[in-house]
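Trainee: Could we go through this one together?
Mentor: Yes, have a look at it here.
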Amino acid sequence: MTEQPTQNINRVEVATSGDEWVSRAAEILSRGGIVAFPTETVYGLAACPTVAGALDKLHAVKNRPSDKPYTVHLAHRRGMYEYVADPPWYAKVLARKGWPGPITLVVELTAAQDREARARFGHDYDKLFSDSAIGLRCPDHPAASKLLSAAGGPVVAPSANPSGEPPPTDADQVCRYFDSEQVDLVVDGGPTRFRGSSTVVRVDRSGFEVLREGVIGADAVAKMSRFNVLFVCTGNTCRSPMAEGLCQRILADELGVIPDELEGMGISVVSAGTMGMSGFPASPEAVEAMRGMGADISHHRSRPLVPELVNRADAVFAMTPDHVEFVSGLVPGARDRVELVEKDQGVSDPLGQPPAAYVACAQRLEDAIRDRLRELFR
């Protein structure tokens, strides 16, 4: 491992040191030290807040008030659920679309979530949470991911500059700000990609607010907050309309709204058919099966599957492998977004069968959709 002392500070270049630096950086964090490291936006100062003395040292290095909260940095987006068991809908969507990446989420907790967090983290609660909220960020930089994965505990990381100075976008700037008494190691990953700060978004159960525009603009955040689901079958009169209605009902129940309010929250759930039929109602058996499961699809009218629907969708769920192939052929770039609604097997068409077959099909779809939604946001 090649270290370069610059301005009396220990520095390691990622490009020439392999991964040897990772274990050393993790060891420094484990004893309360501070490691400067690159992200895609600016360089940060990593510290483990649950290690005695680490936050005091970070406060002194940053020269900022001890009551100003720091953002917890995550190695992967699933890490959000380690701190907030059931995040607000917009936190789930923005994390899925924006992480890893230059967006910081300030997630506000409900009273119940706050009690759970206090019980779970005990005396460490105040080191991670502030005013019943927590700041979370999942950086998009390989060195950051390696460091955060190796740390073995929570890591907070403000920008690597004294308060009042511009955030650094390369290791040289970090070394001009600090010496080895303040920062134990500088991980030099070269200039940052965006050379600007992350966008900070406050999220709660009622919505979101951009607190600070960074490299992602407010309009882009609004676009990211939308979520579009597309279900595909053949004629769009049985399976996919039932899936559409069930998905709307499941999401509405989870969010405490009625299905008609989903669109206003930026949630679109639609269905279409590969056969190209247009304007046909859902089959009477499908309508009746859905009525028994708390979903109304009586106003459904079939629509043909067109590229625009696929391109707009964040997730495409097909009934059979043939439907998967159809979607992939229609829009080749969608191959990584289309999959079977029921994992590893197709859902056969109940057309022409007794009403009980439609009910059985709907029950399978309900279980499959719940599983798929859980996977999407975990």
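What follows is a chat about the whole protein and then one of its helices.

Trainee: What kind of model is this, and how are residues numbered?
Mentor: This is a predicted model, in which local features need pLDDT of at least 70, side-chain atom pairs count only at pLDDT 80 or more, and totals for chains, interfaces and linings use all residues. Residues are numbered from 1 along each chain as its sequence is written, and side-chain values use heavy atoms, with hydrogens and water left out.

Trainee: How many helices and strands does the protein have?
Mentor: There are 15 helices and 14 strands, where helices (H or I, at least four residues) and strands (E, at least two) are DSSP runs numbered from the N terminus.

Trainee: And how much of the protein is buried?
Mentor: Of its 378 residues, 53% count as buried, meaning under 20% relative accessible area, with exposed over 50% and partly exposed in between (1.4 Å probe, protein chains only).

Trainee: Which residues of helix α2 are buried?
Mentor: In α2, which spans residues 20-30, they are Trp21, Val22, Ala25, Ala26, Ile28 and Leu29. They lie on the same side of α2 because they cover an arc of only 155° around the axis, taken from the directions from the helix axis to the C-beta atoms.

Trainee: Why would residues spaced like that share a side?
Mentor: An α-helix has 3.6 residues a turn, so residues three or four places apart point the same way.

Trainee: Which residues are exposed on the other side of α2?
Mentor: Glu20 and Ser23 are exposed there.

Trainee: What comes just after α2?
Mentor: Gly32 follows just after α2, with a positive phi of about 90°.
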